[in-house]
Amino acid sequence: MGLTATEHTPGVYFIDDGAQRLLATRNLAPGRKVYGEELITIGGVEYRLWNPSRSKLGAAIMKGLKKNPIGPSSKVLYLGVASGTTCSHVSDIVGDAGHVWGVDFAPRPIRDLIDHVARYRKNITPILGDARQPQGYSFQVPRVDAIFADVAQPDQAEIVVKNAKLFLKKGGYALLSIKSRSIDVARDPAEIYREQVKVLEAGGFRVEELVELDPFEKDHALALASLV
Ligand SMILES: C[S@@+](CC[C@H](N)C(=O)[O-])C[C@H]1O[C@@H](n2cnc3c(N)ncnc32)[C@H](O)[C@@H]1O
């Protein structure tokens, strides 16, 4: 059987090879890989396979995230962008009409993001900055439709709330990757997820979904929240 590509949500695809369903995005930089992922051309369109074990957003989609607020033409603030593995797929999804501002406080991954990813994708602005001090990059980032946060810090939800106050449109969405081990290795992850949800709610969000990411990421969940 030949390969087929089906759009799952705008900009996100499942490629079916008859035996399995693989997550993918359309490659905005044809011919270029970011992290060794496979490139597959179907009907003249080049897709990049999206490894859910390397990306919490990919894992959440595979685990049944119902709504993905990041779609074609979205403006996204990405906190904890690292060298751009997940960011490259977000860049594919938002396309030329959208934009991603990617923040990380570690110089090395930001340099890799610039040299190996953003150079070939005009819709990514890499920012060396501390997500706890959003005023430091407020001159570079406009109001956005969505904030994606994957900083793996004990105050990860507070960081989202702080950034949302400065940058998120009313009715916009936050996607928060919660790493329970960043908060307490000994406690029940479900209890930690509930606490993080409360922090988002106290910051003006309504939490619409909470998706656990195992087996792709152990002791992680992704919260989808809208700013009310
Ligand atoms: C789990 S990794 C991110 C992986 C990346 N999101 C991906 O899927 O490709 C967490 C990143 O958050 C960054 N980080 C942690 N605390 C931060 C902070 N306060 N401000 C900016 N970046 C931070 C780290 O340097 C690290 O690169």
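This briefing covers an open sheet, a set of salt bridges and some unusual backbone geometry in one structure. The model is a predicted one. It contains an open sheet of 5 strands with antiparallel pairing, and the structure holds 13 salt bridges. Backbone features treated below include a cis peptide bond between Asp214 and Pro215 and a positive phi at Ala82.

**The open sheet**

- The 5 strands of the open sheet follow the order β1-β2-β3-β5-β4, and their pairing is antiparallel; β1 (4-9) and β4 (39-42) stand at the edges with a single partner strand each, so one side of each is left without a neighbour in the sheet.
- From one strand to the next, the twist in this sheet averages 40°.
- Within the sheet, β3 (residues 21-26) and β5 (residues 45-49) pair in the antiparallel sense over 3 bridges, and Arg26 stands opposite Tyr47 in β5.

**Salt bridges**

- The side chains of Arg48 and Asp92 meet in a salt bridge with an N to O distance of 3.0 Å; because Arg48 lies in strand β5 and Asp92 in helix α2, the pair ties together parts that are 44 residues apart in sequence.
- Both Arg48 and Asp92 are buried, and these two residues are linked with Glu37 and Arg121 in a network of salt bridges.
- A salt bridge of 3.7 Å, N to O, joins the side chains of Asp112 and Arg108, which are 4 residues apart in helix α3 (residues 107-117) and therefore separated by about one helical turn.
- Arg108 has a relative accessible area of 52% and is therefore exposed, the cut-off for that class being over 50%.
- Asp145 and Lys169 form a salt bridge through their side chains at 2.7 Å, N to O, and this pair links distant parts of the chain, with Asp145 in strand β9 and Lys169 in strand β10 (residues 168-179), 24 residues apart.
- Asp145 counts as partly exposed at 23% relative accessibility, and Lys169 is also partly exposed, with a relative accessible area of 35%.

**Backbone geometry**

- Most residues other than glycine have a negative phi, and most peptide bonds are trans.
- Ala82 has a positive phi, near 50°; this residue is found in the loop between β6 (75-79) and α2 (85-94), and at 33% relative accessibility Ala82 counts as partly exposed.
- Ala152, although not a glycine, has a positive phi of about 55°; Ala152 lies in the loop between β9 (144-149) and α4 (156-167) and is partly exposed, with a relative accessible area of 31%.
- The peptide bond joining Asp214 and Pro215 is cis, with omega about 5°, and Pro215 lies in the loop between β11 (205-212) and β12 (220-227).

Key: Residues numbered from 1 in each chain as written. Predicted model: local features only at pLDDT ≥ 70, side-chain atom pairs only at ≥ 80, totals over all residues. Heavy atoms only, no water. Helix = DSSP H or I, 4+ residues; strand = E, 2+ residues; numbered from the N terminus. Buried < 20%, exposed > 50% of the residue type's maximum accessible area, 1.4 Å probe, protein only. Pairing = 2+ DSSP bridges. Axes fitted to C-alpha atoms, helices over the stretch in contact; angles between N-to-C directions. Salt bridge = Lys/Arg side-chain N within 4 Å of Asp/Glu carboxyl O.
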